[in-house]
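Colleague: Please choose a single part of this model and look at it closely with me, explaining each term as you go. I would like one connected account, in an order that I can follow on the screen.

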Amino acid sequence: MALVIDSHHHFWKYSPKEYSWIGEGQGVLRRDFLPADLKKEIDASKVDGVVSVQARQSLEETRWLLDLAEKNEFIRGVVGWAPLISASVEKDLENFAGQKKLKAIRHVLQDEKDDRYAVREDFQRGIGALKKFGLIYDILIYEKQLPASIELADKFPNQVFVLDHVAKPKIRQKLLSPWRERMKDLAKRENVYCKLSGMATEADHGGWESADLRPYVEVALEAFGPRRIMFGSDWPVCLLAVTYQKWASVVRAFISKLSESEQNRVMGGTAVEAYKL
């Protein structure tokens, strides 16, 4: 049986101060979400393993996620955080050398006011340090930041990138352009993978239907192909709009017309390859 991997989820011990991004109307997220909670979800959805992704920009959280991964075999990899614009970023990354489950680094680019933050000189210096440590970079952006992300991928053709949440298109507004054209452009870079994740929360939380998401899934699949697309739940953030089991079944339905080998790629094989799980 092919491995099924959830390439994107989060853990946290909730506190209003540490998770200030959890805003009004998001009460469902204001509690702890820990490995035992996730294990129930993945078992019910026939998912074999997961990649845990940072939710706070701190080295402390990266260490905590690695500790959880050490204690829970089903956590196959960690996407942590490191201060990429710091002059001492290499020293910080060296401190994680030997941590085999650290697979990637992510910075919350979507929260930066400068849409071109990704091509700042100091940020690029940090990206340039990742390959030395065998680390991927996860791109978390809104669609308006795609042009800078394309530039970033061009500047580092030998660095593996993974695009989170299909670059958060304007699904609620039913807008495809210019996201569609920019996604196709980004996908021309063979060093970039893409996650089918975080889409329901970009739609109308209480009223979305699969048909609302289908055009965006089709664009992503056409652009990247099943070989560079991977399933991700974005649990527990997804709970604002969809349960874990429902999202897993929605993705499986979207890809049901692909060949069995292509479905296996999306549901696990791509993540295994990209993150070296």
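**Strand β2 and its surroundings**

Modeller: Within β2, Gly49 is the bridge partner of Ile5. Before going on, please note that this is a predicted model, in which local features need pLDDT of at least 70 and side-chain atom pairs count only at pLDDT 80 or more, while totals for chains, interfaces and linings use all residues. Residues are numbered from 1 along each chain as its sequence is written, and side-chain values use heavy atoms, with hydrogens and water left out.

Strand β1 covers residues 5–9, and 3 bridges join β1 to β2, residues 49–53, with the two strands running parallel. Strands here are DSSP runs (E, at least two residues), as helices are (H or I, at least four), and both are numbered from the N terminus; two strands count as paired if DSSP finds at least two bridges between them. Besides the bridge between Ile5 and Gly49, you can find Asp6 opposite Val50.

On its other pairing, β2 meets strand β3, residues 75–80, in the parallel sense over 4 bridges, and here Val50 stands opposite Ile75. To get from β2 to β3 the chain passes through helix α2, residues 59–71, in a β-α-β crossover that is right-handed. The term means that, with the strands pointing away from the viewer, the path from the first strand over the helix to the second runs clockwise. A right-handed β-α-β unit is also made by β1, helix α1 (residues 35–44) and β2.

Which way do the residues of β2 point, and are they buried or exposed? Gly49, Val51 and Val53 point one way, whereas Val50 and Ser52 point the other way, and all of these are buried. In a regular strand the side chains alternate between the two faces of the sheet. Buried means under 20% relative accessible area and exposed over 50%, with partly exposed in between, using a 1.4 Å probe and protein chains only. The neighbour β1 is also mostly covered, since 5 of its 5 residues are buried.

Stepping back, β2 belongs to an open sheet of 8 strands with parallel pairing, in the order β1-β2-β3-β4-β5-β6-β7-β8. Its edge strands are β1 and β8 (229–231), each of which pairs on one side only. Neighbouring strands of this sheet are turned by 25° against each other on average, direction ignored; the axes are lines fitted to C-alpha atoms, for helices over the stretch in contact, and angles run from 0 to 180 degrees between N-to-C directions.

Towards the β8 edge, 3 bridges join β8 to strand β7, residues 192–196, and the two run parallel. Here Cys194 has Ile229 of β8 as its bridge partner, and this cysteine is buried, with a relative accessible area of 0%. Why is Cys194 not bonded to Cys238? Its sulfur is 17 Å from that of Cys238, the closest cysteine sulfur, which is too far for a bond, because a disulfide is a pair of cysteine sulfur atoms within 2.5 Å. Cys238 counts as buried as well, at 4% relative accessibility, and a search of the whole structure finds 0 disulfides.
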